[in-house]
Structures are given as C-alpha cells and as structure tokens.
Amino acid sequence: MKWMGLIIAAAAILIGLGLLLGTGQQNHLSHNKQAEELCDEGTADMHAFRLRDAVDKLGRSLELDPGLAEAAIARAKAFQRLGEVDNFKGELARADSLTGLIKDTRRRMLAQLRLSSLYQSRYSAMGDSVLQVLEKEIPNNIFVLVAQASRPELMADPDRQEQAWLKILQVDPNYAFSYNMLGYLELSRGHYDKAIEYMQKYAFLAPDQANPHDSMGEVLLVTGRYEEAEQEFIQSVRIQPDFYHSLINLGKVYLRRGQIAKGVDILDKVRSQVEGSKLEQRVDQEIINSFVNSGLDEELDRMTAIFVTRYPQEHATCFYRGIRLAAAGRPDAGRAVMDSCLARWRSNPSLADNPRMLAEIGYTSSRFDAIVADYTSTPAERVRKWNASLALVRDKMPFYYQWFQRYRLALALYDDGQPGAALDELKLMLDVNPRLINSLILATRCSIALGDRAGARNRLEQLQQSLSLADQDFYGRERAAELAARIREMPTGT
Amino acid sequence: MPSQDPYPTFLSRLRAAVLSRRAHLILGAVTILAVLFSGYDATRTRPSDGTIWRLGGDRIEVLSTLTGSATDPTPLRRGDRILGIGSVITPTPQEAAASLRRFRPGQMVSYLVQRGDAQMILPVPLGSTRVDLRDYAVNVVLALIYLIIGFAVYLRSDNDRPANLFFTMCLLFSLYFTTNLQQVSYFLGALITQNMGAFARFMLPPVFLHFFLVFPSRKVTLTRHPRLSPLIYLLPLLFYLQFTLDQFVTAAGGRISTPVWMILGVYYVLGLIALLHGYLSYRDPLMRERVRILTYGTMLAVVPFLIFKIGLEEMNYQAGLSRLGAVPLAAIPISFGYCVARYQILHIDLLVKRNLAYGGLTLATWLGYFGGAWWLGGKALALVPGGNPLVAAGVMLTIAALLWPVRVMLQAGWNRRFYHARDNMAAVIEEISREIPRLIQKKVLLKRVGIRLGEALGLPNLAFYVTERRDAPGRFTLAGRVSKPVPLPRPAPATDPGATEPVIRPRTVYPDTLDLPGITPVLSEGGEPVWIDPVAAQAPDDAQAITREQAELRQRRQEQSLLLQHGIQLLVPMTAGNRLVGILALPVRPGLDYEIHELQLLTIVAGQIALQLENSRLYEEEVAKQKMEEELAMARRIQARLLPGSIPRLEGIDIHAVNISSKQVSGDYYDLIPREDGKLALVIADVSGKGMPASILASNLQAAVRAQCDLYDSPARILDRINRQIHASTEPEHFATLFLAIFDPARHSLVYSSGGHNAPVLVHADGTTRELDKGGLPLGAFDFGSYEEEEITLAAGDLLFMYTDGLTETKGPDGDEDFGEGRLSTLLRDRMGIRVDELITGITADLATFSGRNEHDDDITMIALKVGAPEAVLARAQKQ
C-alpha cells in the first residue's frame with residue numbers, strides 16, 4: 001500500500017499545484033459548465049457573425065444559467081447586428097440588470113465595457129473610464145482590444161487603427177468584424193486587392209450574414225467589378241431582404257452600368273420599403289448621392305425636390321435647395337440659402353468641439369461654391385473652385401470619395417482648354433475603376449482634343465464595353481456614338 | 001532462461017530489460033491498446049477532404065490529394081494553403097480538425113484557400129475517414145488471429161527468444177492490419193494511428209528477419225556476430241524516426257518512399273531465405289516434418305503479401321487487390337499454431353484453452369481498469385469546471401490509484417481460478433524441474449525457485465531452512481527467503497468469545513534459526529508437509545508429561561506455537577534419500593487453506609530442491625577437495641625448494657639426508673648450510689600443522705636460520721633469536737621443532753642446540769649411543785625461555801643421526817605399535833659399518849616393512865653424519 005500512498009500524495013500535490021496555478025480563467029462565469037461553454041461558443045459565433053447560431057447558443061446558455069450576464073450581453077449584440085430592435089432592447093435591458101449584479105469587479109467592468117459600445121445601455125457613458133482600468137489589467141482581452149480599436153481618436157490614424165484590429169486577430173483570428181474594418185481601411189488607403197482579401201475573409205467567416213457580402217460588394221463596386229459586386233449584393237439581399245444598404249448598392253451597380261431604369265426602380269422600391277420609417281431619410285440621401293455620382297441630372301433634380309419638400313429642417317436640405325436654385329439660374333438665392341444654413345450650423349455650440357464636423361461643414365461649403373461656379377463662372381474660375389474643394393479632402397477622404405470632385409475638376413479643365421491636365425486627372429480614377437462612364441466619355445473627348453486618335457479609340461472601346469448592359473436610351477450610348485463619329489473624322493495619322 | 005551476467009554493465013542491463021518477459025508483456029499491452037484505439041479511430045465517421053496536409057508548423061499546406069477517395073476530384077490542389085474551413089479561420093491543423101468535425105461526410109464545405117497570390121473560397125466535397133467496413137473486417141479477423149496465436153505462444157513460453165520474437169511479430173502484424181486501411185487526415189487520432197501503422201510497417205521486416213535467423217535454428221552468423229541482432233533494427237528504426245520527424249516536426253508529410261519500401265522488402269526476402277535455409281539444413285526428417293508446414297505457410301503468406309500488399313498497394317497505391325495480399329497472411333499464425341500444438345515447437349508443450357480464457361479475462365480486467373479510471377475521471381473532472389491540466393492529471397491519478405486494489409483483487413481471483421489450478425500445477429512443476437538442474441549455486445537456486453513458487457501459489461513470502469550433518473538434531477538455519485511487500489491481513493477474530501485467539505503475526509517473520517527437535521522426526525520420517533494447526537498449537541498445556549510420547553507431544557506443541565507466532569503455517573520437508581536436508585517454511589494464509597494439489601506441488605518441488613541441495617553440497621565438497629589438493633601440491637613444491645639441492649662434500653666426513661613427504665605435506669625440512677669459516681650448519685625441523693600454512697612457516701624458518709647462521713657461532717643464540725622472530729610473526733598455535741648443529745670438519749667438533757626437536761642419536765664407534773638433548777622449547781610457541789647448547793667432539797667412526805618424529809611415530813600394520821626410538825637405536829648400532837646413504841636407505845626399507853605400506857602418514861626426514869673413512873669403518877665392521 002506504500003506506493004499507493006505515494007501516488008495519492010503525488011496526485012494531491014498535482015491537484016494543489018493545479019488549483020494554485022489555475023488556468024487563467026480562475027473566475028468562472030457560471031457554476032454551470034455547460035452554460036459557460038455555450039456562452040463561449042455563442043460569443044465566438046457572434047464575433048464570427050454566425051449570428052443565428054449565436055442567438056441560439058446564448059439563449060440556451062441563459063436557460064441553463066439565467067444570471068449569466070455575459071451571455072445576455074453577447075445576445076444583445078447579436079440581436080443588434082441582426083437588426084432585431086425589439087429583441088435587442090429586451091436583451092440589453094436584461095444584460096444591464098445582470099451586469100449590475102456581478103460581484104467580481106474585473107468581470108463586472110468587462111461587462112460594462114462591452115455594454116458601453118451599445119449606445120442604449122445604461123453603461124454607454126462609462127466606456128472610456130472602464131477601458132482605462134481594464135487595458136492595464138487585461139490588455140489582451142478581446143473585448144478590451146475591440147474597445148481600444150473602436151476609439152474615435154483612432155479614426156484619424158489609419159496605421160494605429162490597423163495595428164489595433166490586427167492585434168485583435170492575433171488573439172482571435174475569427175473575430176470577423178476586424179476583417180470588415182481592415183477591409184475598409186485598405187479600401188480607403190487605395191489598397192484594393194488587400195481590401196478584397198480582407199472582405200473575402202469577412203464573407204468567408206460570415207457567409208450567412210448580409211453585411212459581409214455587402215462590404216465585399218462595395219469594394220468590388222469601387223474597382224469596377226460590377227458583375228461580381230452585383231452577385232454579392234444579391235446574395236446580401238437574399239440573406240436579408242430588408243437590408244436596404246445592399247439594395248441601394250445594387251441600384252448603384254445598375255446606375256453605374258447605365259441601367260438607369262432598373263437602378264431607379266430598385267431605389268424607388270427601397271424608398272417605398274422604408275417609407276414612413278426613420279430609415280427613409282438616410283435612404284433618400286443615399287439615393288441622391290448615387291444620382292450625383294452617376295451624373296443623372298434629371299433624376300437628381302427629381303430626388304432633391306422630394307427631399308427638400310419632405311425634410312425641410314434637415315441640414316442637407318439647405319445644400320440641395322441652394323444647388324437647385326443655382327441650377328435654376330438663381331445662384332445668388334441659392335448662395336443666400338446656403339450661407340444662412342452654414343451660419344446656423346457654425347453657431348451650433350455642440351459642433352464647436354467637433355473638428356470633424358467643422359471640417360465637414362467647410363468641405364460642404366467649398367463643394368457648394370464649386371457646384372454653383374459650374375453654373376455661373378468661367379472655366380478658369382471653375383477650375384480654381386474645384387481645386388480648392390479638392391484640396392480640402394485630398395488627404396482626408398478615401399480616393400473613391402473624391403471622384404465627384406475630380407470628375408468636375410477634369411470637366412472644368414477640359415472646358416478651360418486643358419485636355420491634357422483633365423486626362424491626367426481622369427486617368428487616376430480610371431486606373432482604379434476602368435468602367436466609370438462619365439469619366440470615359442470625358443477622357444475620350446480629351447484624347448480627341450489632344451489629337452490622340454489611338455488613345456481616343458481605346459477610351460471609346462472601354463466606354464462601349466462599359467455600356468454593354470446600359471439602357472438603349474441611356475445618354476452614354478448617344479455620347480459614345482457622337483464620339484465615334486468624331487474619331488472617325490479625325491485624321492488617321494494622328 | 002537467459003544466463004546471468006556476473007558483471008552487468010548498463011548495456012547488458014538494458015539488453016536484459018528489453019528482452020525480459022515483463023518488457024514483452026508491456027509491449028503486448030501497449031499493442032492491444034493501440035489496436036483498439038486504431039480500430040475505434042478507423043471506424044469513426046469523420047469528414048475528410050481527401051487531401052494530405054502539411055501537419056506541422058504554423059500553416060496548413062496541401063501536399064497531395066488522395067486519388068480514388070470519395071472526394072476525388074477535389075478542387076484543392078497541391079501547394080494550396082488552407083486558411084479556413086467552413087466559415088472558420090484555421091491557422092493550425094488542430095483548429096482545422098475542430099472545424100471539419102462540425103460537418104458530415106457528403107457535405108460541401110467552403111474552404112478559404114490561398115493559391116499563389118490569389119485568395120479564393122472553394123466549395124469542397126467532404127468524404128469520410130471511416131474505412132470500408134468489409135475490408136476492415138477482414139483485417140480485424142487477421143489481426144485477431146495474430147493476437148490470439150501470439151499471446152498463446154507468449155503465455156506458454158519460458159522467455160524463449162524465438163517465442164518472444166514470434167510474439168512481437170504477431171503484435172506488429174496485428175497493428176499493421178488494424179492501421180492499414182486508414183486514411184490520412186488532420187485529426188490527431190488519425191495522425192497517431194498513422195504513426196503507429198508506420199511503426200508496424202517499419203519494424204515488421206527486421207523482426208521478421210530476426211525471427212527466422214533464430215528459428216527454426218539459430219544461424220551461425222548470429223552466434224559469431226552477436227551485435228548483428230541490434231544492427232538489423234537500426235535502419236528501419238532510423239526510417240521510422242525520419243517518418244515521425246517528417247510527420248510532426250519538419251512537416252514534410254508522412255509517406256514511405258518507394259526506395260524505403262524496397263529496402264523493407266529486402267528484409268522480408270532475406271527472412272524467407274533464412275527460413276528456407278533453416279528448413280533445408282535439417283538432415284533429420286523428423287525435424288523437417290516439424291517445420292515443413294510452417295515453412296510452406298510462411299512462404300504462401302509472405303510472397304502474395306510482398307506482391308499485392310507492398311508492391312501494388314503500398315508502393316503504387318492500388319488498393320483493389322489488397323485482400324489478395326492480406327488474407328494469405330493468416331497462414332503464418334495458423335501454420336505456427338498448428339505446429340506449436342502438434343509438435344511443441346518454440347518450446348511450448350501444451351496449449352490449454354484455459355490459458356486463453358485467463359489471458360482474455362486479464363485483458364478485460366486491465367481494460368476495465370483503464371476504462372473505469374477514464375470514465376470516473378471524466379465524471380470527477382466535470383465537477384471541476386475549467387480545471388488546470390495538473391488538476392485533471394491529479395484527479396485521474398487518484399482515481400487510478402483508488403481503483404488499483406479492485407484490479408488487484410480481480411486479478412488475484414483470476415490467478416487463483418486459472419493460474420493456480422490443479423491442472424496448471426503440472427506446468428509449474430515441469431517449469432521448475434527444468435530450471436532446477438541448471439542452478440548449482442544454493443542461493444540462486446533457492447531464490448529462483450522461491451520466486452516461482454511464490455508466484456504460482458500467490459504467496460507473499462516463503463523461506464528455506466537447511467540443516468547440516470554437524471548441526472544439532474532439529475536445528476535449521478535460514479538459507480533463503482523470498483518476499484514481496486504484501487502484508488497479510490489479520491485473521492478474523494474468533495467467533496467464540498471463550499476460545500483462545502491464536503497468536504499469529506500479521507507479517508511473517510522468518511528467524512535465522514529454527515530449533516524443531518520435536519517436529520523434525522515427523523518431517524523426516526513421514527516425508528509429508530506438516531501443517532501447523534492453530535487450535536492444536538494453542539491447546540491448554542496444564543498436564544504434566546509423564547511418558548516419553550507425552551513429552552514429545554508437548555515439545556511439538558511448543559514448537560508449533562512458536563512457528564505460528566512467527567507467522568509460519570506450513571513446513572514442507574526437503575528430503576534427499578533418507579536424509580532431511582532442510583525445510584520449506586510457508587506463511588499463514590488467512591481465510592485460505594493450502595489445497596491438496598498445492599501440497600503435492602510443494603512436496604515434489606521440495607524433493608527436487610533437496611536433491612539439488614545435496615548435489616550442490618557434493619559439488620561444493622568436490623570444489624573444496626580440489627582446492628585442497630592444489631594447495632598441497634603447491635605446499636609440496638615449496639617444501640621441495642627448501643631442501644638443499646646437493647649434499648656438501650667434506651673431507652673425511654660422510655653425510656647424507658633425505659626427506660620423504662607424506663600425502664598431506666606436514667612441514668618437515670632439513671638444511672645443510674656451508675659457512676664461510678668452513679663449518680657446516682646442520683638443520684632439521686618439523687613445523688606444526690600441515691599443508692600450505694606449514695610450508696609457509698617452514699619457508700620462513702629456513703630463511704631465518706640461513707640469515708642467522710653466518711652471523712653467530714652459537715646455535716642457542718640463533719635459536720633464541722629465531723624463536724622470538726617466529727613468535728612475533730605467527731599465531732601461537734603455529735610452532736616448529738628444530739635441531740641446529742654447527743659442525744667444524746677440521747676439529748670434528750659439533751655445537752648444537754635443540755628447539756624442542758627429537759633428540760638426535762649419536763652412535764659412537766664402539767656401539768654406545770647417546771642423545772643430544774640440550775636445548776629448549778619449540779620455536780614460536782612462546783616468547784620466553786632460553787636455549788642450552790653443548791659442544792661435543794666426534795671421534796672417527798662416530799655416527800650422528802638426526803630425524804623427525806615421522807620416523808619413530810610410524811605405526812605398525814595394526815596401528816598399535818610405533819616404530820620407536822629403541823628400534824631405531826638398534827638399527828643404527830647394527831649398521832654402523834655401512835655408508836650413511838645405505839644406512840638411510842636401509843632404515844627406509846625397514847620402515848616400510850614395519851608399517852606394511854610405502855606411504856606414510858607424516859613426513860619423515862633423516863640426516864646422517866659419520867666421521868672417518870668409510871673403508872676403515874667397514875673393515876672394522878667386517879672384523880666384528
């Protein structure tokens with residue numbers, strides 16, 4: 001029996017050591033092991049955007065241990081991502097209540113940190129103070145890292161933002177939202193292939209969610225891969241039929257391809273779907289932006305008229321009213337409207353400490369000036385105005401956000417008799433997306449003006465390919481025919 | 001049994017450990033676990049994407065895709081890096097396996113793949129890692145045949161090398177068959193199974209070759225080059241290590257290349273050649289017949305195996321003909337099993353079904369033990385959520401330790417039921433009978449037999465006592481004890497409150513001696529085991545013994561009580577002829593009596609031990625005798641060197657001396673030392689004792705005398721100094737008598753002194769005699785006393801005769817009468833006229849006539865010195 005005593009003594013030492021050393025998870029979330037396991041799995045699913053699985057597992061976890069705050073928090077987050085507002089609110093209320101009952105300080109603070117990202121939580125204002133404590137105590141905790149990466153000050157620093165999201169992936173390579181953020185980051189940096197890779201991983205991790213497909217589609221849309229983008233948006237809408245963002249993006253695909261009727265139809269459907277809801281205004285604004293970027297003046301006029309009528313008190317209404325007045329030959333009236341709005345915005349005390357919003361106001365103002373100039377000024381003045389407008393956003397906004405200004409600048413340059421400079425500006429955009437119809441039309445014109453027949457033919461061929469799916473009455477087709485005739489008239493030796 | 005290495009080195013110990021029966025038992029147990037695990041693993045339905053991944057490092061790279069699998073063709077290609085499976089990013093194979101486990105075979109799963117610079121998501125159809133059950137059933141049957149035959153051979157063999165190799169070969173074949181069909185996948189279990197299969201594939205060929213190098217007959221090459229055996233294993237072992245390294249560390253994938261397969265195939269071919277050679281080398285038709293079937297069986301099995309299994313399946317991945325290679329392999333165990341049962345090859349003389357049942361139950365007990373520990377451990381761990389691995393290990397260890405007594409109890413039950421059953425006793429007796437004659441040394445004999453008996457009877461201890469002829473009657477001395485640390489439980493308390501509880505020690509203690517004058521006659525006369533009855537031993541003893549029988553009975557009761565107090569319950573006499581050589585003492589077995597068949601076993605074995613002990617004693621005596629004879633020869637040589645090589649020649653002096661050695665060499669010597677002053681020192685001595693000690697003392701004495709003779713003229717002084725020297729350097733019981741005389745040939749004067757020696761006889765020319773008796777005590781006996789000396793002058797014709805007591809103490813033929821001084825004096829007087837050499841020869845002849853034999857019991861030394869011309873003396877003698 002002596003050896004048995006020795007073995008039991010050794011086992012006791014092992015158990016003692018094990019209990020002493022612990023596993024790093026000494027504070028168990030629940031007395032019920034299965035509930036805790038389900039909570040862990042559900043949270044991982046939520047991170048990976050397997051939201052239905054997450055909701056299911058977290059729900060079962062809460063059934064086994066109704067006091068498990070972490071499960072309630074993750075479930076609330078999942079509902080939020082699913083857009084199930086009522087469920088979200090109910091679960092959030094439970095999470096708030098349970099969090100207050102957590103006795104362990106660190107655990108409670110971690111729960112508060114997680115809740116702080118949900119703006120309707122009672123702990124939403126505590127995020128910064130809690131984070132300051134937790135990032136010292138548990139710097140590698142996934143929730144702490146996510147909170148760090150989501151801080152507003154990081155928005156202005158892409159490098160730090162990238163490091164923060166990458167660090168999260170080191171801890172949990174399946175934290176899907178990181179890929180989304182990194183994808184957009186690379187997109188804004190102009191690293192389109194890298195952005196596609198990240199979005200692909202995002203879509204891979206959450207193939208049954210709409211948002212990853214939408215994000216992927218957006219990158220593809222920017223790069224002119226419209227057919228692939230169309231599939232991604234369709235997939236997104238198939239997964240979540242009320243995901244208006246993808247519907248709008250789908251409309252954008254059609255508009256960019258010159259399928260105006262189809263595009264407008266989809267956008268109208270979106271409008272009708274969200275009519276009367278809080279989403280309606282955002283959808284209208286998205287639609288207007290789509291018309292602006294596609295150069296659809298008639299549609300734009302119609303839509304801004306609706307917007308101005310429907311939302312007379314909104315900030316954007318001033319801008320649209322001003323533009324509309326200028327376009328109607330009353331630039332001074334338009335400027336007066338815009339100036340009064342700008343003065344009101346700038347006098348708003350809540351914006352005084354928000355440099356981002358102030359920059360936004362400045363940018364809107366300069367853009368307004370440039371647009372008005374297009375109606376009223378000489379080409380040289382227009383060039384100056386658009387250059388000024390572009391200077392405000394050149395290093396602050398993603399390149400693809402600048403396309404509207406750059407196209408207008410190129411147009412002004414062309415009108416000003418500088419087709420070469422205009423072509424240089426257009427080339428920058430066409431290198432990213434070779435299917436931008438307006439830019440291709442203008443580039444062809446520039447080549448003709450420069451006497452570059454071969455260049456003009458190449459651009460025209462690009463244009464004609466881009467128009468392959470366009471409506472028969474699409475203005476681009478008419479422009480293309482005109483351009484083809486002019487190229488034919490050009491001397492062949494040039 | 002392997003021979004004992006008297007000087008074990010690390011390597012020899014390692015070799016002994018590797019070749020031991022226990023090592024083979026462990027190997028067998030491990031193999032069974034491996035077989036069970038691989039069987040479980042192979043029949044599990046788990047998804048597989050039909051690719052072989054790079055399994056080490058920090059990435060998963062497709063090395064190749066499996067052709068002919070359920071997933072063929074797979075969209076995955078060699079070189080693809082798998083980033084994720086089924087909506088999970090999987091940086092490591094473990095995570096990939098965990099992700100794959102969520103799916104079922106037949107499903108399409110999206111793989112995130114990096115192909116070159118492009119990243120893509122591919123839909124991949126999943127197959128199953130589960131093997132084809134029909135094929136697997138064939139393999140399992142084959143594996144079972146090998147396991148059953150292998151274990152049957154192992155259990156009935158006596159750590160015989162070929163039998164052990166055959167056992168190992170069977171284990172490896174079993175492992176090979178159960179791992180043969182399994183696909184490679186990312187699951188750790190499959191990885192381990194693959195590694196075990198590789199082990200079997202690599203190690204089977206050398207074991208196969210090695211087996212047929214020692215069976216049916218050991219090849220001469222192996223005997224001449226004993227290091228060849230381990231070398232056979234070296235190359236396959238290196239292959240296996242390389243394979244494992246590729247699998248786990250360098251991530252080069254786990255495949256056996258064609259050249260390696262070819263080398264392994266050569267091993268099989270060499271093994272077949274060795275088998276054929278062994279078969280053909282038998283001239284004896286009976287022996288040929290014994291191995292014929294297994295030779296044919298092996299050939300029939302291995303040739304298709306080489307062609308279909310290794311050539312086509314393993315090397316060319318053509319699995320269609322797999323069964324053609326596998327099924328014939330059953331011929332090996334079947335043919336061996338037949339030959340074992342019929343011809344008792346591999347030193348196995350019987351196959352008892354009971355042993356298979358015993359093996360099966362033992363296996364089931366072990367499996368139950370491990371399974372129970374695992375199950376209970378799992379249950380216990382569930383109560384400790386998220387515990388540290390150390391806690392898990394501790395809990396499992398504790399449960400395993402707590403379950404151990406249950407396992408021991410069960411195993412003891414099986415042992416009692418099967419292994420100690422009457423029928424098996426014959427096997428034990430035979431085994432011990434085979435072993436006993438090999439064990440000459442008493443200690444080794446008692447230890448080996450004791451261990452085996454202890455195992456066979458399940459005894460915690462036992463002891464052997466022996467008695468010598470010189471011992472007091474009934475006295476036994478502890479000669480050997482075997483024990484293991486299994487304390488005996490206390491007996492249950494007596495149910496009758498009035499009964500006296502026998503005093504029995506909980507732990508048997510064997511005293512160094514046992515005095516059993518009362519029991520010994522019973523043991524000696526009956527020759528049967530004596531069982532100590534606790535009740536009888538403790539019976540009230542208030543009656544006074546009146547008769548002799550009553551006294552003996554009382555004595556026996558006291559002895560029995562004493563034995564019980566020591567925890568001894570059974571005495572088995574060890575009798576050789578009619579002599580009680582010793583007893584085998586066995587402990588109390590509470591709750592269990594010694595059964596009849598056990599007593600029969602003990603009686604038989606005790607008899608064999610007694611005979612062997614007698615043989616051992618005779619052997620030891622013979623050795624002692626040889627040693628003594630060698631010692632005597634050496635002593636004789638030493639003594640011969642002490643004697644002078646020649647007799648000094650002196651003018652007018654006739655001198656002669658002789659030393660007749662007895663059989664035992666008793667230490668006589670004489671010396672004639674010419675001094676530088678022309679004088680002659682005459683020495684005759686008789687050293688006490690016999691043999692080598694006497695010779696050494698004589699040698700020392702001679703050296704001392706020679707050293708002193710030239711320094712001093714006084715014999716008394718010389719003897720005094722020598723006495724002190726000898727006394728200081730030897731034990732008091734060692735002493736010598738010595739007569740020293742210094743003779744001046746010029747003056748014919750003689751100064752002498754005697755150290756307790758027989759007084760020499762001086763015979764004057766006129767026939768009168770006198771004894772030269774001046775001197776003192778023998779040399780070396782005491783450090784006190786002094787020596788007298790006397791100077792005499794020898795006249796012409798005087799004869800001085802010096803001798804040792806061997807002469808005068810020679811017995812007559814009836815042993816009652818000594819030769820005596822009187823008879824000597826008469827002889828000397830009568831033969832005064834002859835030369836001294838003739839005189840001594842005559843005395844020797846007379847002595848032989850007197851004793852009636854030529855050999856003497858003691859050394860005899862004689863020196864004779866006569867003054868004057870021999871012719872003159874002769875003339876006078878003739879005139880008289």
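1. Burial comes first. In this predicted model, 39% of the 880 residues of chain B count as buried. Chain B holds 26 helices and 25 strands. As for how its contacts are spread along the sequence, take those between residues at least 6 apart: 69% of them join residues at least 24 apart.

2. Strand 14 of chain B is a good place to start looking. This strand covers residues 579-587 and is mostly covered, with 8 of its 9 residues buried. One partner is strand 13 (residues 568-576) of chain B, which runs antiparallel to strand 14 and is joined to it by 8 bridges. Where the two strands turn into each other, you will find B:Ala576 bridged to B:Arg579 in strand 14 of chain B. The hairpin has 2 residues between the strands, and B:Gly577 there takes a positive phi near 65°.

3. Strand 14 of chain B has a further partner to check. Strand 9 (residues 461-466) of chain B pairs with strand 14 of chain B in the antiparallel sense, over 4 bridges. For a landmark in the viewer, try B:Ala463, which stands opposite B:Ala585 in strand 14 of chain B.

4. Next, a sheet later in chain B. Five strands make an open sheet here, in the order 15-25-24-20-21, and their pairing is antiparallel. Its edges are strand 15 (653-660) and strand 21 (769-771) of chain B, each of which pairs on one side only. From one strand to the next, the twist averages 15°. Within the sheet, strand 24 (residues 799-803) and strand 25 (residues 860-867) of chain B run antiparallel and are joined by 5 bridges. B:Met802 stands opposite B:Ile863 of strand 25 of chain B.

5. Two helices lie across strands of that sheet. Helix 24 (residues 821-830) of chain B lies across strand 20 (761-763), strand 21 and strand 24 of chain B, and runs at about 30° to strand 20 of chain B. Helix 25 (residues 836-851) of chain B lies across strand 15 and strand 25 of chain B, running at about 30° to strand 15 of chain B.

6. Over in chain A, have a look at helix 19 (residues 331-346) and helix 20 (residues 355-376) of chain A. Their axes come within 11 Å and cross at roughly 180°, so helix 19 of chain A is roughly antiparallel to helix 20 of chain A. Helix 19 of chain A contributes residues including A:Met338, A:Leu342 and A:Trp345, while those from helix 20 of chain A include A:Ile361, A:Phe368, A:Val372 and A:Tyr375. By class, this contact of helix 19 with helix 20 of chain A has 8 nonpolar, 3 polar and 2 charged residues.

7. Chain A also offers a pair with another orientation. The axes of helix 24 (residues 437-449) and helix 26 (residues 475-489) of chain A come within 11 Å and cross at roughly 15°. Helix 24 of chain A and helix 26 of chain A are therefore roughly parallel to each other, and helix 24 of chain A passes helix 26 of chain A in a left-handed crossing. On the side of helix 24 of chain A, the residues are A:Ile437, A:Ile441, A:Thr444, A:Arg445 and A:Ile448; they meet A:Gly476, A:Arg479, A:Leu483, A:Arg486 and A:Ile487 in helix 26 of chain A. The residues of this contact of helix 24 with helix 26 of chain A divide into 5 nonpolar, 2 polar and 3 charged.

Methods:
Residues are numbered from 1 along each chain as its sequence is written. Chains are lettered from A and ligands numbered from 1 in the order in which they are written. This is a predicted model: local features need pLDDT of at least 70, side-chain atom pairs count only at pLDDT 80 or more; totals for chains, interfaces and linings use all residues. Axes are lines fitted to C-alpha atoms, for helices over the stretch in contact, and angles run from 0 to 180 degrees between N-to-C directions. Angles under 35 degrees count as roughly parallel, over 145 as roughly antiparallel, 65 to 115 as roughly perpendicular and the rest as oblique. A crossing is left-handed if the near helix is turned anticlockwise from the far one by less than a right angle, and right-handed if clockwise. Two residues are in contact if their C-beta atoms, placed from the backbone, lie within 7 Å. Ala, Val, Leu, Ile, Met, Phe, Trp, Tyr, Cys and Pro count as nonpolar, Asp, Glu, Lys and Arg as charged, and the others, Gly among them, as polar. A residue is buried if 20 or more other C-beta atoms lie within 10 Å of its own, exposed if 12 or fewer, and partly exposed in between; C-beta atoms are placed from the backbone. Two strands pair if DSSP finds at least two bridges between them.
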